[in-house]
Amino acid sequence: MNNDGSAITVALDVMGADVSPESIVGGGLLAAQEMGSNLHLVLVGKVEVINDYLKKHHQLPENVSIENAPHAIAMSDAPTEVLKKKTSSIAVGLAMQKENRADAFVSPGNTGAVMAASLLTLGRIEGVSRPAIVSFFPSVTGKPTLVLDVGANVDCKPVHLYQFGLMGSIYASLMYSRTSPRVGLLSIGEERSKGNETVLQTHELFANSDLNFIGNVEGRDILNGKVDVVATDGFVGNVLLKFAESVEGFLTTSIKRQVQTNIFSRLGAGLLSPFLRRLRKTFDYAEYGGAPLLGVDGVSIICHGSSSPRAIKNAVIAGMEMVRHRIADNI
């Protein structure tokens, strides 16, 4: 749709998240305010729910419109429900992109439903065997490490893992301006002889490719900045993601417990508070907004079901950047 430098249209699913629709709408409005005329935001959901919130809190900005979707896919629903409910917010938002009425789709709803509907509606990019979800992990370099897949494909063949690394390399190159991104294959050791049969065969594919393949990497390498892109299957990737999501809460709880021990600890914590805030921010998923589904013929971003308004704002902006950099066209 967007090929002339005009406003980028992002369809935002405001239904079906763990948080209230008001929180999602609020995040969308933050993005609309920050991006101004560069963004046309479409709030997709039950029009009466959206209007009720807007009447209480906001006027509808000029760069925001509403697309009615009378049904929602709940988190507890099977992913296949989206195939039956053609007027759900997920189905309607993705249909807008298919019909060239939107350039990108963002949803904090049912992950399985978003994946299923994205595949059915947008289709795969030619040559891609399986789309993958990419997530962003902090590193000591200050630049995120991309890990994929983190949940779309539990069982993978070597060709799938190779394509994950290829798509991740393209994404890192275009979105983060990284020249020749370093690609690693997650394994139980750095030696090329380590790993199961799938990892061993995948290693050969990478080694014989034109990618900047640095070899096998271990879990510790994700945070130490040794690699830009890590390829793994969705089972291991999702375990990594859920563990990483627990780190910020663990650090916060541990620090509070130590601070309460005595007055000197409290004084020290006061002096360190700016550093502690930056540390928490490092592990805050809201910084990256959402997880792109790479390999579908379009832009589909899956957000956390409990996304804050700031996370939604950042996901919408990330969708705009993916459109600007023509990620799907370059994969």
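In the predicted model described here, aspartate 149 is found in the loop that runs between strand E6 and helix H6. The peptide bond that joins leucine 148 to aspartate 149 is cis, with an omega of about 10°. Helix H6, on the far side of this loop, comprises residues 158-175, and its 18 residues should span 26 Å at 1.5 Å a residue, which agrees with the 26 Å that separates its end C-alpha atoms. The helix is mostly covered, since 13 of its 18 residues are buried.

Beyond H6 the chain enters the loop that leads to strand E7 (182-186), and serine 177 lies in this loop. The phi of serine 177 is near 55°, a positive value in a residue other than glycine. Serine 177 is exposed, because its relative accessible area of 63% is over the 50% that marks an exposed residue. A second residue of this kind is arginine 326, which has a positive phi of about 50° although it is not a glycine. Arginine 326 is found in the loop between helix H10 and helix H11 (327-330), and at 43% relative accessibility it counts as partly exposed.

The strands of the model include an open sheet of eleven members, arranged in the order E3-E2-E1-E4-E11-E10-E5-E6-E9-E7-E8 and with mixed pairing. Strands E3 and E8 (212-217) stand at the edges of this sheet, and each has a single partner strand, so that one side of each is left without a neighbour in the sheet. From one strand to the next, the twist averages 25°. Helix H2 packs on the sheet, where it touches E2 and E3, and the direction of H2 makes about 150° with that of E3.

Several pairings within the sheet can be followed residue by residue. Strand E5 (residues 132-137) is joined to E10 by two bridges, the two strands running antiparallel, and isoleucine 133 stands opposite leucine 293 in E10. Strand E5 also pairs with strand E6 (residues 145-148), in the antiparallel sense and over four bridges; here the bridge partner of phenylalanine 136 is leucine 146 in E6. Strand E10, which comprises residues 290-294, is mostly covered, five of its five residues being buried. Three bridges join E10 to strand E11 (residues 300-303), again with the strands running antiparallel, and alanine 291 has isoleucine 302 of E11 as its bridge partner. The hairpin formed by E10 and E11 has five residues between the strands, and within this hairpin glycine 295 takes a positive phi near 110°. Helix H5 (residues 111-122) lies across strand E4 (104-107), E5, E10 and E11, and runs at about 175° to E11.

Helix H1 occupies residues 21-35, and its length was compared with expectation in the manner used for H6. At 1.5 Å a residue, the 15 residues of H1 should span 21 Å, and its end C-alpha atoms are 21 Å apart, which agrees. The buried residues of H1 include Ser23, Ile24, Val25, Gly26, Gly27, Gly28 and Leu29, and further along the helix Ala31, Ala32 and Met35 are buried. These buried residues pack against strand E1 (8-13), strand E2 (39-45), helix H2 (47-57), strand E3 (64-68) and helix H10 (309-324). Just after H1, glycine 36 takes a positive phi of about 55°.

Turning to the interior, the largest nonpolar core has 57 residues, and those with the most contacts inside it are Val10, Leu12 and Leu39. Helix H10 gives the most to this core, contributing eight residues. Domain 1 (8-128 + 295-329) and domain 2 (132-239) both give residues to the core, so it lies between them. The surroundings of leucine 12 can be listed in detail: leaving aside its neighbours within four places in sequence, leucine 12 is in contact with Ile24, Gly28, Leu41, Val42, Leu43, Val44, Val106, Ile312 and Val316. Of these partners, Ile24 and Gly28 are among the buried residues of H1. Apart from the largest core lies another, of 33 residues, among them Leu94, Phe137, Leu186 and Leu293; one of these, leucine 293, is the residue of E10 that stands opposite isoleucine 133.

Notes. Residues numbered from 1 in each chain as written. Predicted model: local features only at pLDDT ≥ 70, side-chain atom pairs only at ≥ 80, totals over all residues. Heavy atoms only, no water. Expected span 1.5 Å × (residues − 1). Buried < 20%, exposed > 50% of the residue type's maximum accessible area, 1.4 Å probe, protein only. Pairing = 2+ DSSP bridges. Contact = heavy atoms within 4.5 Å. Axes fitted to C-alpha atoms, helices over the stretch in contact; angles between N-to-C directions. Core = buried A, V, L, I, M, F, W, Y, C linked by side-chain atoms within 4.5 Å. Domains from an automatic or database assignment.
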